[in-house]
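Dear colleague,

Please find below the structure that I am handing over to you. My notes on what was found in it follow directly after it.

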Amino acid sequence: MSHADTDPAASPADSPAATLARWLDDEQRVRATLGPPGVARPAQIAHLSGIEWFAAISRGELPSVPIGATMDFLPIEFEPGRFVFQGRPDLRHANPMGTIHGGWIATLLDSCVACAVHTMLPAGRAYTTAELKISYVRALTPQVERVRAEGRVIHAGRQAGFAEGRLFGPDGRLYAHATTTCIVLSTRAAEG
């Protein structure tokens with residue numbers, strides 16, 4: 001595998017089985033604190049920055065994201081400018097050829113890159129995706145037990161945010177990558 005086709009965060013000493021075991025432990029830890037899926041009321045989040053919002057979700061103080069429950073993925077870790085989701089490619093997400101549908105992959109990548117931008121927003125600001133570009137590198141099958149989508153901010157400005165993301169398996173293999181442009185709005189404009 002070329003360096004470009006592997007997860008840059010994976011340690012060369014980690015075997016795919018050890019990485020998967022660590023990922024499953026991370027998933028169990030996160031599931032133990034996440035609340036049920038739902039949508040937060042504006043009054044619950046108006047005073048929160050993006051990073052504070054995600055911290056409240058991770059502590060179970062705000063509802064978890066409904067799309068994650070629908071498509072079987074969840075937030076694993078985040079920090080300013082970075083967001084990681086973990087998903088379970090399942091036969092429910094397959095296309096007629098038996099590989100995982102590109103829309104499932106796109107949803108994970110859209111989530112990680114947009115949430116990476118969201119971590120940089122102050123209270124009173126929201127965003128919407130203006131552009132999303134996905135490049136599929138190789139087929140993903142249900143035999144890959146878990147994948148991670150990691151988004152990183154390239155630039156976060158007052159009016160727009162840009163991020164890139166990678167979807168990879170426990171063996172470090174790259175399945176797809178993405179870039180996004182998000183338009184930053186006031187929450188009042190986002191509600192209208």
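Helix 5, residues 102–118, lies across strand 1, strand 2, strand 3, strand 4 (147–156), strand 5 and strand 6. The direction of helix 5 makes about 140° with that of strand 3. Please bear in mind throughout that this is a predicted model.

The strands just named belong to an open sheet of six strands, ordered 1-2-4-5-6-3 and paired in the antiparallel sense. Strand 1 (73–79) and strand 3 (125–136) are the edge strands; each has a single partner strand, so one side of each lacks a neighbour in the sheet. On average, neighbouring strands of this sheet are turned by 20° against each other, with direction ignored. Helix 3 (residues 50–58) also packs on the sheet, where it touches strand 1 and strand 2 (82–87). Relative to strand 1, the direction of helix 3 is at about 130°.

Two of the strand pairs may serve as examples. Strand 1 and strand 2 run antiparallel and are joined by six bridges; within this pair, Glu77 has Val84 of strand 2 as its bridge partner. The hairpin that these strands form has two residues between them, and Gly81 in this hairpin has a positive phi near 85°. Strand 5 (residues 160–168) pairs with strand 6 (residues 174–186), again antiparallel, over nine bridges. There, Glu164 is bridged to Thr179 of strand 6. As background, strands of a sheet pair through backbone hydrogen bonds, either parallel or antiparallel.

Which residues of helix 3 are buried? They are Gly50, Phe54, Ala55, Ala56 and Ile57. Strand 1, strand 2 and helix 5 are among the elements that cover them. After helix 3 comes Gly60, with a positive phi near 80°.

Helix 3 also contributes to the open and enclosed spaces of the model. The largest pocket holds about 970 Å³ of space. It is lined by 42 residues, of which Trp53, Phe54, Ile57, Val65 and His118 are the closest to its centre. Helix 2 (42–45), helix 3, helix 4 (66–71), strand 1, helix 5, strand 3 and helix 6 (187–191) each give at least two residues to this lining. Sorted by class, the lining of the largest pocket comprises 27 nonpolar, 10 polar and five charged residues.

As for enclosed space, the structure has one cavity of 30 Å³ or more. The largest cavity contains about 50 Å³ of space, and its lining consists of Phe54, Ile57, Ser64, Val65, Pro75, Phe83 and Phe85. Helix 3 and strand 2 are the elements that supply two or more residues to that lining. By class, six of the lining residues are nonpolar, one is polar and none is charged. Phe54, Ile57 and Val65 thus appear in the linings of both the largest pocket and the largest cavity.

One last residue deserves a note. Asp90 is found in the loop between strand 2 and helix 5. Is Asp90 buried or exposed? Its relative accessibility is 16%, so Asp90 counts as buried, the cut-off for that class being under 20%. Leaving aside residues up to four places away in sequence, Asp90 touches Ile100 and Pro142. The C-alpha atom of Asp90 is also 7.9 Å from that of Thr141, although 51 residues separate the two along the chain.

With kind regards

Notes. Residues are numbered from 1 along each chain as its sequence is written. This is a predicted model: local features need pLDDT of at least 70, side-chain atom pairs count only at pLDDT 80 or more; totals for chains, interfaces and linings use all residues. Side-chain values use heavy atoms; hydrogens and water are left out. Two strands pair if DSSP finds at least two bridges between them. Helices (H or I, at least four residues) and strands (E, at least two) are DSSP runs, numbered from the N terminus. Axes are lines fitted to C-alpha atoms, for helices over the stretch in contact, and angles run from 0 to 180 degrees between N-to-C directions. Contact means heavy atoms within 4.5 Å. On a 1 Å grid over the protein atoms alone, a cavity is a set of points where a 1.4 Å probe fits but cannot get out, and a pocket is an open set with protein on both sides within 12 Å along at least five of seven lines; lining residues have an atom within 4 Å of a point. Grid points are joined across faces, edges and corners, and a volume is the space filled by probe spheres set on the points. Ala, Val, Leu, Ile, Met, Phe, Trp, Tyr, Cys and Pro count as nonpolar, Asp, Glu, Lys and Arg as charged, and the others, Gly among them, as polar. Buried means under 20% relative accessible area, exposed over 50%, partly exposed in between (1.4 Å probe, protein chains only).
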